[in-house]
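Me: I am new to reading protein models and would like a close look at a single part, taken slowly. Could you choose the place where helices and a sheet come together, and walk me through it?

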Amino acid sequence: MESHKEKILVVDDEASIRRILETRLSMIGYDVVTAADGEEALETFRSDCPDLVVLDVMMPKLDGYGVCQELRKESDVPIIMLTALGDVADRITGLELGADDYVVKPFSPKELEARIRSVLRRVDKTGATGIPSSGVIHVGNIKIDTNKRQVYKGDERIRLTGMEFSLLELLVSRSGEPFSRSEILQEVWGYTPERHVDTRVVDVHISRLRAKLEDDPSNPELILTARGTGYLFQRIIEPDEV
């Protein structure tokens, strides 16, 4: 049975990068569409409905940050940003706007391919250990459905990106136990321990989750900071423990 070919939108104003990525990603089994600027990116996204977007930051007409903002208004599609900017704060901006990961230019195509595989695999992954067989977890007015990968706060559905949900699912799977940032990077983003990366990728995603789930994000009660370690989800008391 032929499997579904995942579609990737590559957005970069450099024709050589578009050609290289289109060729390489097509060779390893992806369906690839491209765009040369931000406005074209939005048009192509809406017409082709890709499964993941590779998005350059510095582009004419509308830069990658603007595209990311617009995409997040209408979609939770995974976004990997390409940035040539030296300032870490500029990379973090993309994450704060809703990107799932970033790769710094100049980059190895193999590195980007690994990032794409990891993000798509994690977004589709379900069934973390430590989750009840029903797949549904209630914490106060928060309901987490790991089967449907949906979260509700009261009666309102809270939109999470795939990586945000995977991070939440990981924390909940061992509620009450802290995860280090490097452990989170390995489990959610697929970074190997040998790879030295900016752990603020984790911090920004935690901040985004708190903003969506906590009543007072500046004084979190669900997603707690484990000083000197990383983060943990408050211990979930099962009904039979009460």
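Reply: Before any strands are named, one term is needed: two strands pair if DSSP finds at least two bridges between them. Keep in mind too that this is a predicted model.

With that term in hand, begin with the sheet, which is open, has three strands in the order β10-β12-β11, and pairs them in the antiparallel sense. Its edge strands are β10, covering residues 179-180, and β11, covering 223-226, and each of these pairs on one side only. Between β10 and strand β12, which spans residues 230-233, the antiparallel pairing runs over two bridges, and if you look for F179, you will find that its bridge partner in β12 is Y231.

Now add the helices that lie across this sheet. Helix α6 lies across β10, β11 and β12, and it runs at about 75 degrees to β12, while helix α8 lies across β11 and β12, running at about 145 degrees to β11.

The two helices also pack against each other. Helix α6 is made of residues 162-173 and helix α8 of residues 200-213, and their axes, 10 Å apart, make an angle of about 85 degrees. Angles of 65 to 115 degrees count as roughly perpendicular, and therefore α6 and α8 are described as roughly perpendicular to each other. On the α6 side of this contact you can pick out M163, E164, L167, L168 and L171, which meet H205, I206, R208, L209, K212 and L213 on the α8 side. Sorted by character, the residues of the contact of α6 with α8 comprise seven nonpolar, one polar and three charged.

Finally, a few details of the backbone elsewhere in the chain deserve a careful look. Most residues other than glycine have a negative phi, and most peptide bonds are trans. Against that background, K61 has a positive phi of about 70 degrees although it is not a glycine, and you will find K61 in the loop between β3 (52-56) and α3 (64-74). R149, also not a glycine, has a positive phi of about 55 degrees, and this residue sits in the loop between β7 (142-145) and β8 (150-153). As for their surroundings, K61 is exposed, with a relative accessible area of 64%, whereas R149 counts as buried at 18% relative accessibility. The peptide bond joining K105 and P106 is cis, with omega about -5 degrees, and P106 lies in the loop between β5 (101-104) and α5 (109-124).

Terms used. Residues numbered from 1 in each chain as written. Predicted model: local features only at pLDDT ≥ 70, side-chain atom pairs only at ≥ 80, totals over all residues. Heavy atoms only, no water. Axes fitted to C-alpha atoms, helices over the stretch in contact; angles between N-to-C directions. Helix = DSSP H or I, 4+ residues; strand = E, 2+ residues; numbered from the N terminus. Parallel < 35°, antiparallel > 145°, perpendicular 65-115°, else oblique. Contact = heavy atoms within 4.5 Å. Nonpolar A, V, L, I, M, F, W, Y, C, P; charged D, E, K, R; others polar. Buried < 20%, exposed > 50% of the residue type's maximum accessible area, 1.4 Å probe, protein only.
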